[in-house]
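Open the model in your viewer and keep the selection tool at hand. The tour goes from one selection to the next and says what is found at each stop.

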Amino acid sequence: MERTFAIIKPDAVASRKAGQILARIEAAGFTVRAMRLQHLTKKEAEGFYAVHRERPFFGGLTDFMSSGPCILLALEKQDAIKAWRTTMGATDPAKADAGTLRKDFGTSIERNATHGSDAPETAAFELGYFFRGMELI
Ligand code: GDP
């Protein structure tokens, strides 16, 4: 079993798609191991996306991620990291495969409904950034 870190981003929470996305997460065979609704501060979003700080979209992305509450998730499944990236689809909803979450709920390359860790090292950092060890037992 592997764990990954996921976010239902502020666009999807604001448009009341969180319930549908959680249902899709369960239908895809993920177990929710931890979950919290949280309105990130700008600083918290900047810390989370620190690897992107030199990118031109960093300011807009961190404004968006701190614009309203999101849902933070620890998901478990065999090969969870890869499986969750497949369930989400490509970063740009316009390029995402049919039936993926970003295709169905994303509205732009920035407002793309969900986040998922892209490798074991990032999953470890991201899970630890948002959840205490006790929450992940
Ligand atoms: P991900 O791993 O698929 O989420 O993609 P990245 O790690 O490359 O980018 C992180 C997040 O930044 C994405 O999920 C988008 O919300 C946003 N993003 C990525 N590329 C762009 C871009 O070219 N323009 C804008 N405005 N946002 C972007």
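Start by selecting Arg-24 and Asp-104, whose side chains meet in a salt bridge with 2.8 Å from N to O. The model is a predicted one. Arg-24 belongs to helix H2 and Asp-104 to helix H6 (residues 101-105), so this pair links parts of the chain 80 residues apart. Arg-24 is partly exposed, at 28% relative accessibility, and Asp-104 is also partly exposed, at 42%.

Next, select Glu-76 and Arg-33. Their salt bridge has its closest N and O atoms 3.1 Å apart. Because Glu-76 lies in strand S3 (residues 70-77) and Arg-33 in strand S2, the pair ties together parts that are 43 residues apart in sequence. Glu-76 is buried, with a relative accessible area of 15%, whereas Arg-33 is partly exposed at 30%. Add Arg-3 to the selection: Arg-3, Arg-33 and Glu-76 are linked in a network of salt bridges.

Stay with strand S2 and select Arg-36 together with Glu-135, which lies in the segment after H7. The closest N and O atoms of this salt bridge are 3.5 Å apart. In the whole structure, six salt bridges are found.

Now turn to the rings. A search of the whole structure gives nine aromatic pairs. Select Phe-30 and Trp-84, an edge-to-face pair with 5.7 Å from centre to centre and 85° between the planes. Phe-30 is in the loop between helix H2 (18-27) and strand S2 (31-38), and Trp-84 is in helix H5 (residues 80-88), so the pair ties together parts 54 residues apart in sequence. Both Phe-30 and Trp-84 are buried. Add Lys-77, whose charged end sits over the ring of Phe-30, 5.7 Å from the ring centre.

For another ring pair, select Phe-48 and Phe-130. Their centres are 5.3 Å apart and their planes are at 55°, so the pair is tilted. Phe-48 in helix H3 and Phe-130 in helix H7 are 82 residues apart. Phe-48 is buried, at 4% relative accessible area, and Phe-130 is buried at 8%. Ring pairs join these two into a cluster with Phe-5, Tyr-49, Phe-125, Tyr-129 and Phe-131.

The last stop is the largest pocket, which holds about 560 Å³ of space. Select Tyr-49, His-52, Leu-61, Thr-91 and His-115, the closest to its centre of the 23 lining residues. Helix H7 gives the most to the lining, with three residues. By type, the lining has eight nonpolar, eight polar and seven charged residues.

Conventions:
Residues are numbered from 1 along each chain as its sequence is written. This is a predicted model: local features need pLDDT of at least 70, side-chain atom pairs count only at pLDDT 80 or more; totals for chains, interfaces and linings use all residues. Side-chain values use heavy atoms; hydrogens and water are left out. On a 1 Å grid over the protein atoms alone, a cavity is a set of points where a 1.4 Å probe fits but cannot get out, and a pocket is an open set with protein on both sides within 12 Å along at least five of seven lines; lining residues have an atom within 4 Å of a point. Grid points are joined across faces, edges and corners, and a volume is the space filled by probe spheres set on the points. Helices (H or I, at least four residues) and strands (E, at least two) are DSSP runs, numbered from the N terminus. Ala, Val, Leu, Ile, Met, Phe, Trp, Tyr, Cys and Pro count as nonpolar, Asp, Glu, Lys and Arg as charged, and the others, Gly among them, as polar. Rings of Phe, Tyr and Trp (its six-membered ring) pair if their centres lie within 6.5 Å; planes under 30 degrees apart count as stacked, over 60 as edge-to-face and the rest as tilted. Buried means under 20% relative accessible area, exposed over 50%, partly exposed in between (1.4 Å probe, protein chains only). A charge sits over a ring if NZ of Lys or CZ of Arg is within 6 Å of the ring centre and within 35 degrees of the ring normal. A salt bridge is a side-chain nitrogen of Lys or Arg within 4 Å of a carboxyl oxygen of Asp or Glu.
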